[in-house]
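Subject: Structure for you to look through

Hello,

Here is the structure I promised you. Please open it beside this email and follow along.

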Amino acid sequence: GVTQYGRSPETRVGPQNTMLSISQRFPWFGKLTDRGKVAAKEAAALEQMYEAEKAELVRRVKLAYFDLGYVDRASGIVNEDLELLRHFETLAQARYSQGIGLQQAVVKLQAEITRDHNRLAMLSTQRTITRFAPPAPPATDIDYELLYATGRANRPEVKAAFLRIEKNEKSIHLARREYWPDVTVSAGYVYVNGRQDPAGKENPPLDNGKDVYSLSVGLNLPIFRRKYDAGLLEASERFLAARESYRESVNSVEVSVRSIGFRLGTIQNQIDLFEHALLPQAHQALRSSEAAYSTGTLGVLDLLDSERVLLDVRLGLEQLRSDYLKSLSEMERAIGAAFPGEPP
């Protein structure tokens, strides 16, 4: 601080013209430490929320990747179906040229070929440039207790909620310290001009014009305690709210794990059904229909029905595989780590 006197105080050794002072307030012992701990816990909680945003971004990228992977594999299946239809078209044209088939069969097969071309055109608008290797989702045994524990230990939102509990616990300690006074230390310097009056000039006093130095210590007294009582109450309520938020985060993990685990189990059962029952049956039905059509005992509509069933089963199986991997990504997001037993 700087003080310039408008009317200088007169002293025995001369008038005081200017005063310079410096002061520093020191919080009571432990206050700064507690404030540092509160700030550190808040920073750590914000870091975990940053990790949560990263994990959410990874989840969205994985979902998009598996969707594009399905488009890529579906395009391959439709291309194979297209070759099969062309083979049937050649067979139908041969039968028609021999007089044992109908032109209507050729037309129907050409219509199916056109439909596949249209399906490919629709898929090409979504297709990924990078080739996607067809995944083989493994049979997954779901250990719910292990997944719950993994989620509680690794999910960023749970970590952030726990850190906020610790932060608000430190805030309670800090609020209790606010009842204690702070210490202010000050140092001052006063410039003294010296006696300029006739008597002072004729007979200067001892220490004439000697400057003044000072050192002072002060305390602020927290007499009105309602403010501090309110601060302590607020810190306590924030602590209780943080505990409830943590419980909610843990419950959210368990709900997500149960829901996604049920979905994974359901999809795995459907994949097993498609791979071991529907797909072999569809292949066998098509072979039988093709043989019967070649001998003239079956019409082209029955042949096309078998072809459509096989195509639907193959596309449905690839969609299930994609859905399985997407659900696995959702599970990894729910527990905040790679699925136990699976590569990250």
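A compact globule of 344 residues would have a radius of gyration near 20 Å. The protein chain has 41 Å. Keep in mind that this is a predicted model. The C-alpha trace spans about 150 × 45 × 30 Å along its principal axes. Of the 344 residues, 36% count as buried. The accessible surface comes to about 20300 Å². Carbon and sulfur atoms hold 57% of that surface.

Now the contacts. Take those between residues at least 6 apart in sequence: 83% of them join residues at least 24 apart.

**Helices and strands**

The chain has 7 helices and 5 strands. Read along the sequence, they follow the pattern β-β-β-α-α-α-α-β-α-β-α-α.

Start with strand 3, residues 14-26. Three other strands come up beside it in this email. Strand 1 covers residues 2-4 and is joined to strand 3 by 3 bridges. The two run antiparallel. Here Val2 has Leu20 of strand 3 as its bridge partner.

Strand 2, residues 10-11, also runs antiparallel to strand 3, with 2 bridges between them. Glu10 stands opposite Pro15 of strand 3. Strands 2 and 3 form a hairpin, with 2 residues between them.

Strand 4 covers residues 183-192. Strand 4 and strand 3 are antiparallel too, and 10 bridges join them. One pair to find is Phe26 with its bridge partner Val183 in strand 4. As a reminder when you look at the sheet: in a regular strand the side chains alternate between the two faces of the sheet.

**A nonpolar patch**

Stay with Phe26. Is Phe26 buried or exposed? Phe26 is partly exposed, because its relative accessible area is 43% and the partly exposed range runs between 20% and 50%. Phe26 belongs to a nonpolar patch on the surface. Its partners there are Val185, Leu215 and Val217. Together the four residues have about 410 Å² of accessible area.

**Salt bridges**

The structure holds 29 salt bridges. Here are three to look at.

The first is between the side chains of Arg25 and Asp182, at 2.6 Å from N to O. Arg25 lies in strand 3, and Asp182 lies in the loop between helix 4 and strand 4. The pair therefore ties together parts that are 157 residues apart in sequence. Arg25 is partly exposed, with a relative accessible area of 49%. Asp182 counts as buried, at 6%.

The next is between Lys62 and Glu332. Their closest N and O atoms are 2.6 Å apart. Lys62 is in helix 1 and Glu332 is in helix 7, residues 300-335, so this pair ties together parts that are 270 residues apart in sequence. Lys62 counts as partly exposed, at 25% relative accessibility. Glu332 counts as buried, at 12%.

The third joins the side chains of Arg247 and Glu244, at 2.4 Å from N to O. How many residues apart are Arg247 and Glu244 in helix 6? They are 3 residues apart, so about one helical turn separates them. Helix 6 covers residues 226-294. Arg247 is partly exposed, with a relative accessible area of 40%. Glu244 counts as partly exposed as well, at 48%.

Some salt bridges share partners. In this way Glu56, Arg59, Arg60, Arg155, Glu157, Glu330 and Arg333 are joined into one network.

**Two more residues to find**

Glu53 sits in helix 1, residues 31-97. Glu53 counts as exposed, at 55% relative accessibility. Now find Pro156. Pro156 and Glu53 are 103 residues apart along the chain, and their C-alpha atoms are separated by 9.0 Å.

Ser171 sits in helix 4, residues 156-177. Ser171 is buried, with a relative accessible area of 17%. Which residues is Ser171 in contact with, leaving aside its neighbours within four places in sequence? They are Val38 and Ala235.

Best wishes

Methods: Residues numbered from 1 in each chain as written. Predicted model: local features only at pLDDT ≥ 70, side-chain atom pairs only at ≥ 80, totals over all residues. Heavy atoms only, no water. Patch = residues over 30% accessible without salt bridge, like charges linked within 9 Å, V, L, I, M, F, W, Y side chains within 5 Å. Areas by Shrake-Rupley, 256 points an atom, 1.4 Å probe, with all protein chains shown as cover. Helix = DSSP H or I, 4+ residues; strand = E, 2+ residues; numbered from the N terminus. Buried < 20%, exposed > 50% of the residue type's maximum accessible area, 1.4 Å probe, protein only. Rg over C-alpha atoms; globule rule 2.2 N^0.38 Å. Contact = heavy atoms within 4.5 Å. Pairing = 2+ DSSP bridges.
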